[in-house]
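Trainee: I should like to learn how to read the features of a protein model. May we go through one together?

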Amino acid sequence: MGIPSDDVVQIRHADAAGEPTVVTVSCPDKTGLGCDLCRVVLLFGLSVLKGDMSTDGRWCYIVLWVLPRGGRPVAVPWDLLKDRLLQLCPVAPPFGFDSAYLVAAGLQDVAPPAPQLFLLKLCCFDRMGLLHDVTRVLCELELTIRRVKVSTTPDGSALDLFFITDAKELLHTKSRREETQDKLESVLGDSLTCCEIDPAGEDMLACLQSWASLTPAIMEQMFNTNLIEEQSISTRGGTISVTMDNSLSSVHTLIQIQCGDHKGLLYDIMRTVKDCNIQISYGRFYATQNGRCEIDLFAVQSDGKKILDQHRQKALCCRLRMEILQPLRVALVNRGPDTELLVANPVEVSGKGRPLVFFDITLALKNLQKQIFLAEIGRHVVEDREWEVYRLHFGEEHELSSALRSKIVDAVTNMLMGWD
């Protein structure tokens with residue numbers, strides 16, 4: 001018999017305004033569950049103030065104290081958040097385990113099929129902030145942008161192609177497509193001349209693979225993988241310290257992290273640990289009022305043993321420092337006569353990328369009143385590591401000043417990192 005959903009995910013709201021909401025998850029464990037849960041929390045615009053997690057390898061218990069990012073009063077769809085968290089848990093209430101759990105437990109060989117891909121085609125008259133407004137609508141509808149190709153013609157017309165998937169898995173129905181089209185029409189108004197949604201065929205899927213190569217100079221600038229070997233480094237948010245200790249536990253390695261806070265910090269840490277095949281038996285996260293965070297993780301290797309190898313300890317500490325320092329890469333480069341903004345988002349081993357990156361980029365550029373002439377999203381592999389790369393062309397007729405270039409990079413970086 002299965003587990004009632006109310007026992008798997010519980011959300012207890014704050015007694016007073018400004019106090020955190022407590023999200024509790026109690027379910028069978030599976031590899032990377034903590035990372036997946038933190039990703040959804042980030043997707044819903046929430047900041048983790050405190051967190052506790054523990055597992056015996058079979059059952060896990062996770063508690064997160066969350067607030068809307070920046071402490072602003074925002075209407076959070078808590079019921080929807082609960083549903084999305086429940087979907088990640090390896091149970092199918094009230095009947096039993098779902099296929100994801102069976103795969104993780106080795107009882108099923110084939111993972112659930114990937115969600116169906118659709119092509120959203122928009123033709124409209126271009127205007128300032130158009131791309132962000134479309135992106136905002138898609139996010140509100142729980143439509144995930146997998147790839148995008150946006151172009152603007154000299155007469156001011158825009159052709160936007162969005163390859164999307166539906167979290168509700170209903171986009172194949174007429175009612176869901178009409179809901180999407182109606183919402184886009186209400187936001188874009190008379191500027192919208194065409195809105196079509198169709199399944200992405202094989203010929204359309206080929207478009208996903210077309211990707212202009214990056215020059216060696218840009219790759220060096222964007223994907224500098226030199227590991228940070230210093231135990232402690234200074235940054236805008238203060239020092240970043242990552243250390244390991246094998247003396248406090250007979251069965252676990254203690255990973256201690258002290259650093260400044262940023263949007264998605266806990267997700268970045270859990271993503272890195274997951275990709276490095278490190279399992280967390282117990283973890284504690286605490287964000288102070290002065291913007292500092294303290295994280296303690298009692299961890300083991302995938303074989304259940306402590307992390308004793310010195311080289312692996314060093315590599316893991318360096319990787320964590322790098323992911324905390326630069327969870328995303330932002331650069332402004334020249335591409336012929338045009339200026340191009342590049343943002344690189346690390347892709348998890350599971351194939352997922354950090355959520356809302358395109359939303360944040362387009363919002364930052366809208367706030368700066370920067371017109372986007374061309375845009376595309378693609379995947380790029382550097383040294384066996386996959387990145388989701390966002391390329392946006394401004395189409396400026398003159399070269400941007402160094403002050404304006406810095407302003408654009410800082411604005412996009414601050415939006416992505418959640419810095420005021």
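Mentor: We shall take strands, helices, cysteines and unusual backbone angles in turn. Please keep in mind that this is a predicted model.

Trainee: Let us begin with the sheets. In what order do the strands of the open sheet of eight strands stand?

Mentor: Strands of a sheet pair through backbone hydrogen bonds, in either the parallel or the antiparallel sense. Here the order is E8-E5-E7-E6-E16-E17-E15-E14, and the pairing is antiparallel. From one strand to the next, the twist averages 25 degrees.

Trainee: Which strands stand at the edges of this sheet?

Mentor: The edges are strand E8 (192-199) and strand E14 (329-335). Each has a single partner strand, so one side of each is left without a neighbour in the sheet.

Trainee: Within the sheet, how many bridges link E6 and E7?

Mentor: Strand E6 (residues 143-152) and strand E7 (residues 157-166) are joined in the antiparallel sense by nine bridges. To follow the pairing by eye, find Leu-143 and then its bridge partner in E7, Asp-166.

Trainee: Which helix lies across E6 and E7?

Mentor: That is helix H6 (residues 174-188), which lies across strand E5 (118-125), E6, E7 and E8. Relative to E8, helix H6 runs at about 155 degrees.

Trainee: I should now like to consider strand E13. How many of its residues are buried?

Mentor: Of the 10 residues of strand E13 (residues 292-301), seven are buried, and the strand is mostly covered. E13 pairs with strand E11 (residues 253-260) through eight bridges, in the antiparallel sense. In that pairing Ile-257 stands opposite Ile-295 of E13. E13 also pairs with strand E12 (residues 278-287), again antiparallel, over nine bridges. There Tyr-286 is opposite Glu-294 of E13.

Trainee: How many residues lie between E12 and E13 in their hairpin?

Mentor: Four residues lie between the two strands. In the turn, Gly-291 has a positive phi of about 85 degrees.

Trainee: What can be said about the covering of strand E2?

Mentor: Strand E2 (residues 21-28) has eight of its eight residues buried, so it is largely enclosed by the rest of the structure. Strand E1 (residues 9-12) pairs with E2 in the antiparallel sense over four bridges, with Val-9 partnered by Val-25 of E2. Strand E4 (residues 59-68) is likewise an antiparallel partner of E2, through eight bridges; here Thr-24 has Val-63 of E4 as its bridge partner.

Trainee: Let us turn to helix packing. At what angle do the axes of H9 and H10 cross?

Mentor: Two packed helices are described by the angle between their axes and the distance between the axes. The axes of helix H9 (residues 265-275) and helix H10 (residues 310-325) cross at roughly 150 degrees and come within 10 Å. The crossing of H9 and H10 is right-handed. Among the residues that make the contact are Leu-265, Ile-269 and Arg-271 of H9, and Leu-320, Glu-323 and Ile-324 of H10. By character, the contact residues divide into five nonpolar, one polar and five charged.

Trainee: Is helix H9 mostly covered or mostly uncovered?

Mentor: Helix H9 is mostly covered, with 11 of its 11 residues buried. The buried residues include the charged side chains Asp-268, Arg-271 and Lys-274.

Trainee: Which residue with a positive phi lies in the loop between H9 and E12?

Mentor: The residue in that loop is Asn-277. Its phi is positive, about 60 degrees, although Asn-277 is not a glycine. Asn-277 is partly exposed, with a relative accessible area of 49%. A second case is Gln-369, which also is not a glycine and has a positive phi of about 60 degrees. Gln-369 lies in the loop between helix H11 (357-367) and strand E16 (374-382). With 52% relative accessibility, Gln-369 counts as exposed.

Trainee: Finally, how many disulfides does the structure hold?

Mentor: A disulfide is a covalent bond between the sulfur atoms of two cysteines. The structure holds zero disulfides.

Trainee: Why is Cys-38 not bonded to Cys-35?

Mentor: The sulfur of Cys-38 has its closest cysteine sulfur in Cys-35, at 7.2 Å, which is too far for a bond. Cys-38 counts as buried, at 5% relative accessibility. For Cys-123, the closest cysteine sulfur is that of Cys-194, at 4.4 Å, also too far for a bond. The cut-off applied to a pair of cysteine sulfur atoms is within 2.5 Å.

Terms used. Residues are numbered from 1 along each chain as its sequence is written. This is a predicted model: local features need pLDDT of at least 70, side-chain atom pairs count only at pLDDT 80 or more; totals for chains, interfaces and linings use all residues. Side-chain values use heavy atoms; hydrogens and water are left out. Axes are lines fitted to C-alpha atoms, for helices over the stretch in contact, and angles run from 0 to 180 degrees between N-to-C directions. A crossing is left-handed if the near helix is turned anticlockwise from the far one by less than a right angle, and right-handed if clockwise. Contact means heavy atoms within 4.5 Å. Buried means under 20% relative accessible area, exposed over 50%, partly exposed in between (1.4 Å probe, protein chains only). Two strands pair if DSSP finds at least two bridges between them.
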